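Here are some remarks for a colleague who wants to look over the ligand site and one of the sheets before going further. Please read them with the coordinates open.

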Amino acid sequence: MSVANRRRVLHALGAAPLMLAGCASIRGRPGSRRIVVIGAGYGGATAARYSAMWGGDAVSVVLVEQDPAFVSCPLSNLVLAGSRAMADITVGYAALGRRGIDVVHDRAVAVDAARRRVRLARGAELAYDRLILSPGIDFFFDRIDGLGTEAARAAFPHAWRAGPQTVALRRRLEAMPDGGVFALSIPRAPFRCPPAPYERACQVAWYFKRAKPRSKVLILDGNEDVQSQKALFMKAWSEDYRGIVEYRPDHVLTGVDVRTRTARFETADAVMADVLNVIPPHGAGQIARSAGQQATLSNREGGYALVKLPSGEIRRIHDSAYATIGQVGNVDHMNVSSGKAGRTRWQGRRPHVRGMVMNPIDHPMGGGQGKSKGGGGRHHPVSPWGQLAKGFKTRAKHKASDRFILERRQKKK
Ligand SMILES: Cc1cc2nc3c(=O)[nH]c(=O)nc-3n(C[C@H](O)[C@H](O)[C@H](O)COP(=O)(O)OP(=O)(O)OC[C@H]3O[C@@H](n4cnc5c(N)ncnc54)[C@H](O)[C@@H]3O)c2cc1C
């Protein structure tokens, strides 16, 4: 364990008051600070593990996960190809328990950031000193016409979260006749893991080549080009899977029809497939979007959304625009004190001579008698080139976008 990391965890926790546990049954350590992590995927499980390791006895870590076991997304494409079974890519959470982490199997439904509490689906409340949200993604099924129903989701499994959906898609591939078409619809970027859909196409083509050589993989990409490692994938499709894989860009999916197994697109012709794998548009997990981590949509009027930003500014944003308005994750950055010059040096920053102790010819703040500031003591701190070093207003006085600001941000007290 790194001493620096351990100190950082304890330092960050030191500022928070100790909260009592709610009725969720967890062990905890008496007198310790509690870190609650929501979501035990790669992100959450790693955060929980290192928090417990670096925090030692001073912290107790509670991991909230809705699923009974972890199933690896990256390896799930191998299950689709038939070269791995689900059991190979599924791991229980017992190992985290042995590391002193309390794993609570429940779904977090709300975060009360003011009271520092997480509400769980079964009704319990969990108090925390620090909260880590790592819920992965949520799917926006309603953005595709016809995909909002349970029947449609069962008919067109996305398998973009590994688990029962992976099994469902594999079964469909196995049941597909030789000579059939597997169509893979990719949403517009950004989406989770840019190379993964193209890798999936390769894995399914690998399976077809061995088991159903007359079958076809049709990639219907909502983007204008391959989003990752283009040269590599193009080479594989034209050499290893020639005649099996066909790539079609600019296929933005607008709707699906369960009865005819058809996909409709914004500009391209509709496509019928034996197995249609629709990866729906997706974004940050719902709990992460509702935890007070972002700006508030306060109203909608005249084609504009009124958004209250964390600074207090209320601004109009056109409601056809996509915006991700968040708070910097590293909110405690300003509380970190490097402690000694050596630590800053380890971070790659070299010592530098202050302008004030230089001669006037070398720096605008140089010169003067004794400890006087350069320029007769009236000089604002500046860089060697005269730029104000402590910040200055950069916004134009009369800017065209002023009309979108309904209320200015609150002034610093
Ligand atoms: C087919 C595919 C292939 C991929 N291949 C690769 C690859 O080769 N390399 C790579 O680096 N990445 C790959 N990725 C991406 C990788 O899987 C993700 O980046 C990674 O899983 C993200 O981890 P996460 O912990 O953020 O989210 P997730 O793994 O989705 O975990 C989130 C967890 O939070 C839980 N959760 C969500 N909401 C709640 C709630 N309210 N209460 C309780 N629990 C909740 C979920 O049950 C889930 O277990 C691939 C993804 C896919 C789909």
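Where does the shell around the ligand lie with respect to domain 1 (3-135) and domain 2 (141-284)?

1. Please keep in mind throughout that this is a predicted model. As to the question above, domain 1 and domain 2 both give residues to the shell around the ligand, and therefore the shell lies between them.

2. The ligand has 28 residues around it, and those that come nearest are Gly-39, Gly-41, Gly-43, Cys-73 and Gly-136. Sorted by class, the shell holds 12 nonpolar residues, 10 polar residues and 6 charged residues.

3. Turning to secondary structure, at least two shell residues are supplied by each of α2 (42-55), β2 (59-65), α3 (73-81) and α7 (196-211). The largest share, which amounts to 4 residues, comes from α3.

4. A separate point concerns a sheet of 3 strands, which is open, has the order β6-β7-β8 and shows antiparallel pairing. Its edge strands are β6 (108-112) and β8 (125-127), each of which pairs on one side only, and from one strand to the next the twist averages 25 degrees.

5. Within this sheet, how many bridges join β6 to β7? There are 4 bridges between β6 and β7 (residues 117-120), and the two strands run antiparallel. To check the register by eye, one may start from Val-111, which stands opposite Val-118 in β7. As background, the strands of a sheet pair through backbone hydrogen bonds, in either a parallel or an antiparallel manner.

How values were computed: Residues numbered from 1 in each chain as written. Predicted model: local features only at pLDDT ≥ 70, side-chain atom pairs only at ≥ 80, totals over all residues. Near = placed C-beta within 6 Å. Nonpolar A, V, L, I, M, F, W, Y, C, P; charged D, E, K, R; others polar. Domains from an automatic or database assignment. Pairing = 2+ DSSP bridges. Axes fitted to C-alpha atoms, helices over the stretch in contact; angles between N-to-C directions.
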